[in-house]
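Visitor: I'd love a close look at how the chains of this complex meet one another. Could you walk me through it?

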Amino acid sequence: MATKTQNSRAWLFVLPVVVLVAFNALIPLMTVVNYSVQETFGDNVFFWEGVKWFEQVLHSERFHASLLRQLMFTSIILMIEVPLGVAIALSMPKKGIGVSVCLVLMALPLLIPWNVVGAMWNIFALPDIGLLGRMINGLGIDYNFTQQPGAAWFTTILMDVWHWTSLVVLLAYAGLRSIPDAYYQAAKIDGATPWAVFRFIQLPKMKRVLTIAILLRFMDSFMIYTEPFVLTGGGPGNTTTFLSIDLVKIALGQFDLGPAAAMSLIYFLIVLLLCWVFYTLMMRHEAQ
Amino acid sequence: MRRFTWLVPTLYILFLMLPIYWLLNMSFKTTNEILGVFTLWPREFTLDNYRKIFTDPTWYNGYLNSLSYVVMNTVISVTAALPAAYAFSRYRFLGDKHLFFWLLTNRMAPPAVFALPFFQLYSAVNLFDTYIAVALAHCLFNIPLAVWILEGFMSGVPKELDETAYVDGYPFWRFFVKIFIPTIAAGIGVAAFFCFMFSWVELLLAKTLTSVAAKPIAATMTRTASTAGYELGLLAAAGTLTIIPGAFVIYFVRNYIAKGFALGRV
Amino acid sequence: MSEISLRELRHSYLETPQADADWALKKMSVDWSEGGAYALLGPSGCGKTTLLNIISGLLTPTEGEVWFGDKNVTNMPPDQRNIAQVFQFPVVYDTMTVYENLCFPLRNRGIPAAEVDRKVREIAAMLDLDEMLPRRASGLTADGKQKISLGRGLVRSDVNVIMFDEPLTVIDPHLKWVLRSKLKELHQRIGTTMIYVTHDQTEALTFADQVVVMHEGTVVQIGTPVDLFERPRHTFVGHFIGSPGMNVLPCEIENGTPLFAGQPIPVGHAIAHRDGAERLEIGVRPEFISFAAEGIPVEIVKVSDAGRYSIVDARHGEHVIKLLVPEGDSLPAESAHIHFDPGHTQVYADGWMVN
């Protein structure tokens with residue numbers, strides 16, 4: 001860092017990026033801000049409304065409910081995917097053909113279009129024609145995710161675990177591979193138990209990649225839209241209506257632009273804020 | 001106990017493969033078989049679903065549309081990100097840290113937030129329903145990502161390389177194209193892989209910005225799913241086909257991915 | 001503590017070694033006596049680290065046995081062998097303090113807390129680490145980290161041997177000397193057997209009482225630094241140790257006397273002619289060659305000044321012979337004669353010294 005030279009012409013280098021991203025980020029963001037403070041009755045006639053929509057959204061029970069669902073969903077999948085991903089990474093082969101096989105097969109879900117993931121899980125979990133649905137019902141458990149809220153949650157979470165655990169695995173695996181053999185040898189000589197090896201060597205060395213994994217999974221699961229929308233459509237009822245799904249329902253379904261825009265901004269700010277808090281906490285911990 | 005550690009990844013991969021197997025299984029079945037009987041293996045093996053996709057232009061065009069905007073986006077993102085990443089890794093300039101953070105915040109923006117304004121923006125500039133519209137829109141999250149990955153790789157290249165080239169009398173752009181870019185080829189591969197991946201899997205924006213001419217394959221599928229629920233075999237076949245490009249790309253970059261992840265840049 | 005002996009040891013990294021070159025370590029039997037300071041010297045890839053890892057138990061040899069005293073430890077894991085090892089790159093447990101790092105091997109063995117504390121403080125004082133005890137280990141410099149890895153070995157009162165695998169690689173040059181003297185001092189104080197692997201002859205010769213020289217998977221000589229210098233048992237030792245290395249010249253043997261360039265070269269003892277040797281050579285160090293009134297005629301090709309002496313390249317036919325001339329001595333003109341000191345000239349058959 002210290003060796004970087006001051007060069008103001010560097011702005012020329014970043015100009016294309018700034019223009020492209022600004023075009024896509026700033027103009028739509030301004031539009032959203034614009035809507036969020038106005039009221040329209042159609043015909044492109046707008047009235048200044050101030051912070052009315054923000055107040056309305058912040059006090060709306062519907063928003064609270066989807067936010068709560070969103071927080072629950074995100075915490076559950078983080079609690080499953082992170083430890084599971086680490087456990088799988090720890091037990092993966094370290095060399096040979098097995099590594100490539102594992103990497104390729106595990107990365108596969110990451111490259112499937114999100115609505116295909118939803119559709120695939122839909123036909124996989126349907127109680128009449130789906131393998132999973134048949135299996136669970138075969139065990140004597142009454143399972144139908146289109147009707148039962150519990151089953152819908154279970155299926156959505158299982159789908160997300162299926163879809164994204166590999167990301168954690170790949171990151172954790174890369175972190176593990178970067179530990180020099182000497183650490184394991186020293187631990188062996190020092191008589192460390194497998195748990196001590198994990199606690200004092202593997203976990204500290206994986207911290208950086210795990211931070212990234214948690215951040216990414218947090219952000220992406222907080223924005224989740226397509227997969228649950230295709231799988232359950234937010235139902236049964238509103239039980240799997242997460243923030244994004246709710247937002248699109250309000251904006252495109254009911255065309256309530258003002259509240260939708262205000263909700264968008266609040267939503268975006270929540271993501272930014274939580275990421276920032278998480279990131280600073282991790283960094284502070286690191287600095288100690 | 002260590003003897004059984006292979007069980008964990010094996011079971012996990014099995015779990016990953018199950019839904020894919022089911023999709024594949026369905027894609028070879030006739031609609032009657034899907035709805036009529038429950039079979040683990042197609043009894044009347046048929047390729048009709050695939051035949052339909054490859055002969056009906058609304059289907060195969062969807063495919064070409066998707067690939068077109070994905071490739072376009074990958075090229076734009078990586079090309080624009082290269083000089084920017086270089087600037088971030090080598091220079092200090094007014095507002096560099098804020099700019100970098102601002103770029104990353106766009107990776108955090110929920111696409112649902114932007115769906116409607118995007119529709120209006122791209123309609124306003126007359127790009128609605130074109131490849132370039134989707135390619136440009138995906139830059140929103142892919143450019144920050146590409147800059148981030150490439151900056152990581154570039155910071156790993158010692159500054160002495162640049163200095164030696166200048167001492168040898170290379171003008172900047174020739175050095176950049178002839179020496180620097182080949183040096184970070186692995187990084188470009190990783191960045192391109194992730195741009196491809198995120199553009200390929202994203203659908204909310206792609207669907208919002210297209211109607212007919214540039215409609216992605218995955219959106220064509222959604223239509224089938226919602227309006228013609230009985231064509232499940234066709235849906236499964238189309239879904240299976242969307243997995244193939246991803247599988248190809250993973251296979252070719254498998255050694256680079258681990259490297260990219262190792263840098264902690266995704 | 002006990003004597004370590006390697007018996008009929010052989011190792012290969014391949015599943016089914018066949019050719020001679022498949023063996024990373026060729027058959028060897030070596031004894032390391034209790035309390036010795038050994039250096040294991042050789043170029044990169046000669047099998048030093050393999051040998052070290054076999055002694056520490058990180059590797060199990062393909063053939064042969066490892067004995068610690070009267071115990072066969074060949075198949076024993078490292079933690080039960082009571083050994084300590086310092087690696088090339090410092091290994092510290094980043095999240096622990098220096099104090100916790102030093103406690104780690106003792107706590108893993110369930111030693112009472114009071115005993116652990118006493119021992120750790122004693123060793124920390126010995127290594128000048130006492131002031132750093134409460135600090136996080138990750139913040140230390142490379143030499144501090146190497147001291148911690150060494151300390152983790154020293155805290156254990158039961159260690160049979162402490163092994164060092166090129167421990168000074170990442171240390172700043174001016175600190176290398178300090179750390180090396182510290183090691184030497186520690187060895188004298190605690191008297192544990194130490195094995196120090198290096199490819200640097202200065203490190204080896206200054207640290208060790210006994211130097212084990214390895215070359216292509218074979219131990220070519222074990223001896224004191226003086227032995228290695230004056231009586232290299234293999235031409236490789238002659239080359240590798242000393243600067244410049246030993247002159248090795250082809251020769252023939254007639255009536256028990258080696259002939260070089262048609263001239264008899266007197267050596268300290270009579271040489272029996274060895275049948276079957278493919279290659280006969282004489283070896284003599286530049287230090288033991290001098291100009292003389294008569295002897296082997298040479299032409300002086302080059303003179304380089306090396307401070308207290310000059311290195312002279314003299315040519316006879318196609319052979320270049322190096323010799324050292326003390327500073328201030330006059331050099332003969334272009335052509336001269338040289339003389340080899342008979343007491344320090346050896347004959348080598350196929351690389352090995354002939355007695």
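Visitor: To start with the pair that does not touch, how far apart are the nearest C-alpha atoms of chain B and chain C?

Guide: Happy to help, and please keep in mind that this is a predicted model. The nearest C-alpha atoms of chain B and chain C are 16 Å apart, and these chains do not touch. Two pairs of chains do touch, and the one with the most contacts is chains A and B. For the complex, the predictor gives an ipTM of 0.85 and a pTM of 0.81.

Let's take chains A and B now. Here 73 residues of chain A are in contact with 78 residues of chain B. On the chain A side, helix H1 (residues 10-36) of chain A supplies the largest share, 14 residues. That side of chain A, where chain B is touched, consists of 55 nonpolar, 14 polar and four charged residues. Strands of the two chains pair as well: strand E1 (residues 5-6) of chain A and strand E1 (residues 91-92) of chain B run parallel, joined by two bridges. Within that pairing, A:Thr5 has B:Tyr91 as its bridge partner.

While we are on chain B, have a look at its helix H1 (residues 7-27), which has 21 residues. From first C-alpha to last, H1(B) reaches 30 Å, close to the 30 Å expected at 1.5 Å a residue. Even so, H1(B) bends by about 30 degrees at B:Met17, with a proline, B:Pro19, following within four residues. B:Pro19 is also one of the buried residues of H1(B), a list that further includes B:Trp22, B:Leu23, B:Met26 and B:Ser27. An α-helix has 3.6 residues a turn, so residues three or four places apart point the same way. Earlier in the helix, B:Pro9 and B:Tyr12 are buried too.

Now for the other touching pair. Chain C has 21 residues in contact with 14 residues of chain A. Strand E6 (83-86), helix H2 (98-108) and helix H4 (142-154) of chain C are the elements that each give two or more residues to this side. Sorted by type, the chain C residues on that side are 12 nonpolar, five polar and four charged.

As for confidence in chain C, its pLDDT averages 86, and 97% of the residues score at least 70. Among the elements of chain C, strand E9 (residues 210-215) has the highest mean pLDDT, 92, and strand E12 (residues 252-254) the lowest, 81.

Definitions and conventions: Residues are numbered from 1 along each chain as its sequence is written. Chains are lettered from A and ligands numbered from 1 in the order in which they are written. This is a predicted model: local features need pLDDT of at least 70, side-chain atom pairs count only at pLDDT 80 or more; totals for chains, interfaces and linings use all residues. Two residues are in contact if their C-beta atoms, placed from the backbone, lie within 7 Å. Ala, Val, Leu, Ile, Met, Phe, Trp, Tyr, Cys and Pro count as nonpolar, Asp, Glu, Lys and Arg as charged, and the others, Gly among them, as polar. Two strands pair if DSSP finds at least two bridges between them. pLDDT is the predictor's confidence in each residue, from 0 to 100. The expected span of a helix is 1.5 Å times one less than its number of residues. The bend at a residue is the angle between axes fitted to the seven residues ending there and the seven starting there. A residue is buried if 20 or more other C-beta atoms lie within 10 Å of its own, exposed if 12 or fewer, and partly exposed in between; C-beta atoms are placed from the backbone.
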